[in-house]
Amino acid sequence: MLGVLTPLVLLAARLVQRRPWLSVASVVNRIRWRWLLLTCVPALGYLLLSLALGTLVEQIFPTDEPVTPDDGSWVGLAAFVVPALVILLLVPFQSAAEEFVFRGWLVQAVGAYGPDTVDGRSPWFKVIWRTPWPGLVISSVAFVSAHGYTGWAMADIFVFAMVVGWLTVRTGGLEAAITVHALNNVFAFLLPAAMGSLDGWDEQGGAPWTLLVVDLPCLAVYAAAVVWLAKRQRIARVS
């Protein structure tokens with residue numbers, strides 16, 4: 001459903017806020033496709049590290065809901081091709097749409113209402129509000145609220161939202177957030193599709209505490225890799 005909000009976000013930026021359509025995407029008013037493709041490398045590393053660390057943690061701290069579920073068996077190529085194509089065609093756009101809404105428009109909208117100066121009453125509040133953090137926290141809470149997760153899963157996607165939000169600010173665009181979000185979601189759907197367990201694909205619910213234990217270091221490694229790569233590529237951070 002959030003996918004349909006992307007054109008609305010772009011229209012709001014252009015017609016209401018009187019700024020370029022894709023100023024929501026980056027500081028250069030466009031999607032930096034080369035940079036987006038480069039961020040696929042650390043995003044794939046994030047997935048592989050998550051899988052490896054999740055398997056290790058599950059061996060040490062077994063739970064009723066393993067971080068890396070292994071139920072089901074290979075359904076065969078014929079039964080896998082169609083759902084795989086649907087996933088590959090639709091899921092990246094859905095993931096990108098969420099980034100445009102939450103890490104793009106919402107973070108910028110909150111920041112736009114910050115004070116221009118820190119004079120007067122409550123200067124500490126104004127100083128904090130002029131930083132990206134209020135926008136990141138508000139957008140992350142909204143991101144969690146837009147999903148149906150509970151318990152530790154809520155905490156995990158809040159941390160995810162904060163990290164990719166920080167990377168959006170740190171790299172001046174949504175590219176790093178889009179790639180890790182899209183690849184993570186594609187993998188999350190392709191695996192059950194391959195195992196014939198797509199029933200209840202839209203059920204989110206909870207997760208074991210080990211999910212957060214696994215995801216924290218993986219997200220930290222991903223963030224560090226993206227920041228290092230952005231410096232190497234001299235990616236623009238401000239307009």
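A surface patch, as the term is used here, is made of residues with over 30% relative accessible area and no salt bridge, with nonpolar side chains joined within 5 Å. The model on display is predicted, and this tour moves from the whole fold to a patch of that kind, then to the interior and to single residues.

**Whole chain**

Begin with the entire protein in cartoon representation. Nine helices and zero strands are present, and the order of elements from the N terminus reads α-α-α-α-α-α-α-α-α. Of the 239 residues in the protein, buried residues account for 40%.

**Annotated spans**

Next, colour the ranges that UniProt lists. The unreviewed entry there places the feature "transmembrane region" at residues 34-53, 74-93, 149-169, 176-195 and 207-230. Two of these spans merit individual selection. Residues 74-93 are 85% helix and 0% strand in the model, with the end C-alpha atoms 27 Å apart. Residues 176-195 are 100% helix and 0% strand, and their end C-alpha atoms lie 29 Å apart.

**The nonpolar patch**

Select Trp74, Val75, Leu77, Val81, Val82, Leu85, Val86, Leu89 and Leu90, and show their surface. Together they make a nonpolar surface patch of about 860 Å². For a single member, take Leu90, which is placed in helix H4, residues 77-112. Is Leu90 buried or exposed? Its relative accessibility is 55%, so Leu90 counts as exposed, the cut-off for that class being over 50%.

**The interior**

Hide the surface and turn to the largest nonpolar core, which has 41 residues. Display Tyr46, Phe100, Phe160, Leu167, Val180 and Tyr222 as sticks; these residues touch the most other members of the core. Helices that each supply at least two residues of this core include H1 (5-16), H2 (33-38), H3 (40-60) and H4. Helices H6 (133-145), H7 (151-171), H8 (175-195) and H9 (210-233) likewise each contribute at least two. Which helix gives the largest share of this core? That helix is H9, with nine residues.

**Two salt bridges**

The count of salt bridges comes to two. For one of them, select Glu175 and Arg32, whose closest N and O atoms are 2.8 Å apart. Glu175 lies in helix H8 and Arg32 in the loop between H1 and H2, so this pair ties together parts that are 143 residues apart in sequence. Both partners are classed as buried: Glu175 has a relative accessible area of 1%, and Arg32 has one of 7%.

Now select Glu99 and Arg103, whose side chains meet in a salt bridge with an N to O distance of 2.7 Å. These two residues both lie in helix H4, four residues apart, about one turn of the helix. Glu99 is buried, and Arg103 is buried as well.

**Cysteines**

What is the count of disulfides in this model? The count is zero. Two cysteines may be selected for their surroundings. Cys40 is partly exposed, with a relative accessible area of 21%; because buried means under 20%, Cys40 falls outside the buried class. Cys218, by contrast, is buried, at 0% relative accessible area.

**A contact across the sequence**

Move to Gly151 and Ala207 and draw a distance between their C-alpha atoms. The separation is 7.0 Å, although the two residues are 56 residues apart along the chain. Gly151 is placed in helix H7 and is exposed, with a relative accessible area of 53%.

**Backbone with positive phi**

The final stops concern the backbone. Most residues other than glycine have a negative phi. Select Asn29, where phi is near 65 degrees, a positive value in a residue other than glycine. Asn29 is placed in the loop between H1 and H2 and is partly exposed, with a relative accessible area of 37%. That loop also holds Arg32, the partner of Glu175.

Which segment holds Arg234? Arg234 is in the segment after H9, and its phi is near 55 degrees, again positive in a residue other than glycine. At 78% relative accessibility, Arg234 counts as exposed.

Conventions
Residues numbered from 1 in each chain as written. Predicted model: local features only at pLDDT ≥ 70, side-chain atom pairs only at ≥ 80, totals over all residues. Heavy atoms only, no water. Disulfide = S-S within 2.5 Å. Buried < 20%, exposed > 50% of the residue type's maximum accessible area, 1.4 Å probe, protein only. UniProt positions renumbered as here; feature names shortened; annotations may be inferred. Patch = residues over 30% accessible without salt bridge, like charges linked within 9 Å, V, L, I, M, F, W, Y side chains within 5 Å. Areas by Shrake-Rupley, 256 points an atom, 1.4 Å probe, with all protein chains shown as cover. Salt bridge = Lys/Arg side-chain N within 4 Å of Asp/Glu carboxyl O. Core = buried A, V, L, I, M, F, W, Y, C linked by side-chain atoms within 4.5 Å.
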